[in-house]
Amino acid sequence: MPKEKPSFRNAVPALLLLTGVFFVNFLARTVLGPLLLPTSERLGVSLATAAQAFVALSVGYSVAVFGAGFLSSRIGHHRTICLCLVLLGGSLLGLSRTTTLGGLLAWVLILGLGAGLYMPSGVTTITTVTPPSGWSRAFALHEMAPNLSFVLAPFVVELADRLGAASMTFAWIGWASLAMGALYLWCGPRIERLGVAPHLAALRPLVQNLSFWAVVMLFVITVGVEVGVYSVVPAYLVHDRGLGEAEANMFLGASRVVSLAVLPWMGWITERLGLVRTLTVCMLGVSLTTCVAGAGPLPVSLALLTLQPLLAVCFFPVGFAVLAQVVRREESDLSVSLAVTCTSLLGSGLLPATLAAWGEHAGFAWAFFGFGMASLAGSTIALLSLWRHQGHTLTVKP
């Protein structure tokens, strides 16, 4: 009997479950931003010192992402995702009880190791259970998870703070991770193809692929905006603008609500504009809004800090679809591993720590301007490369 071809409609239950896994995974890392100020005060360290947690998280995450192929090539993608959720749950429960900077960094490192196992297996599972014509819609649905976590993280932290212990946030998400792990073990999609361990022969085609590196550069910039800027916005609003911590967290969550309404339409938008044109609009908008996000009256800054993440989140469904098209199918999980490794180290690790230190000493307006200008230059180089080498072939497949 011939094997049934994948269809988007049949893939929806699996996509919803993967989106739930990604939500827990991302929420576990997102809460570090709203908790940065309370954590620095609780541990009695400076903001820049507490921001070392972002570096520890990105190191663990990057190591796990890059090495995930060794694990998934032996135990498969289904078990790898289950192990990711177990490690997430255990590390979060440990974080909820730590009282020292060393303990914070150690548990965050383990958190990163657990979280990093998901993305290569998750993306490979999505592109396996969904036909190529549905990849943009599938990734748009999948990207609801990080954006929902960006909305909810500040409110969860504020709720825990009102109950008397912000560190309770870690415990709540830890138990949710373990519950999601049990659910995915029971009914998560199982695909036949094993992961690909990173080795020199497999890496060489990727390293030589200029279009791949152009996409990686765009991912680094966008994650730097989405995670890096997000992580320091509460500190910016409190230190530079004089808002209270509760007000800053409420704005941080509210500023991401609009993104949730736009993401479901990204498949439709991309089909009409094309992949490279959509990337161009997103990246230029992200860079320019970042440049001026810290300048001007407070209402203007708040408006720009709301528009900026809207443009950033629209990038990811398109970015993953482009990444899947500029590499060979058998390189898909390895390409994700390498791309996310670079993105994690630079975009969500080094950048938040740098912005926190820069903002604490020179003001966040200058930090945002400097990063925005660097983003504009990097985006222009990457987009010109994609237009030159892949612009005529990067289209949404019918």
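1. Four helices do much of the work around the largest cavity: α1 (8-30), α11 (210-239), α16 (298-326) and α17 (332-362) each supply at least two residues of its lining. Keep in mind as you look that this is a predicted model.

2. How much space lies in that largest cavity? About 210 Å³. The lining runs to 17 residues, and if you want to find the middle quickly, go to Phe26, Met119, Val223, Phe316 and Thr343, which lie nearest the centre. By class, the lining residues divide into 11 nonpolar, three polar and three charged.

3. On to the second largest cavity, with a volume of about 150 Å³. Here 14 residues form the lining, and the closest to the centre are Arg29, Thr30, Leu57, Val227 and Ser348. For the wider picture, a search of the whole structure turns up eight cavities of 30 Å³ or more.

4. Which helix gives the most to the lining of the second largest cavity? That would be α4, with four residues. At least two residues each come from α1, α4 (52-95), α11 and α17. Note that α1, α11 and α17 were also on the list for the largest cavity, each with at least two lining residues there. As for classes, the second lining has seven nonpolar, six polar and one charged residues.

5. Now a loop residue. Thr98 sits between α4 and α5 (101-115). Is Thr98 buried or exposed? It is buried, because its relative accessible area is 10% and the cut-off for buried is under 20%. Leaving aside residues up to four places away in sequence, Thr98 touches Arg42, Gly103, Leu104 and Trp107. Two of those contacts, Gly103 and Leu104, carry numbers that fall in the α5 range, 101-115.

6. Helix α2 (residues 36-43) is worth a look down its axis. Its buried residues are Leu36, Leu37, Thr39, Ser40 and Leu43. Seen from that direction, the buried residues of α2 fall within an arc of 165 degrees, so they line one face of the helix. The general rule behind such a pattern is that an α-helix has 3.6 residues a turn, so residues three or four places apart point the same way.

7. Finally, check what comes right after α2. The helix is followed by Gly44, whose phi is positive, near 70 degrees. Arg42, one of the residues that Thr98 touches, belongs to the 36-43 stretch of α2, so to speak a handy link between points 5 and 6.

Notes:
Residues numbered from 1 in each chain as written. Predicted model: local features only at pLDDT ≥ 70, side-chain atom pairs only at ≥ 80, totals over all residues. Heavy atoms only, no water. 1 Å grid on protein atoms, 1.4 Å probe; cavity = no way out; pocket = protein on both sides within 12 Å on 5 of 7 lines; lining within 4 Å. Points joined across faces, edges and corners; volume = space filled by probe spheres on them. Nonpolar A, V, L, I, M, F, W, Y, C, P; charged D, E, K, R; others polar. Buried < 20%, exposed > 50% of the residue type's maximum accessible area, 1.4 Å probe, protein only. Contact = heavy atoms within 4.5 Å. Arc of directions from axis to C-beta.
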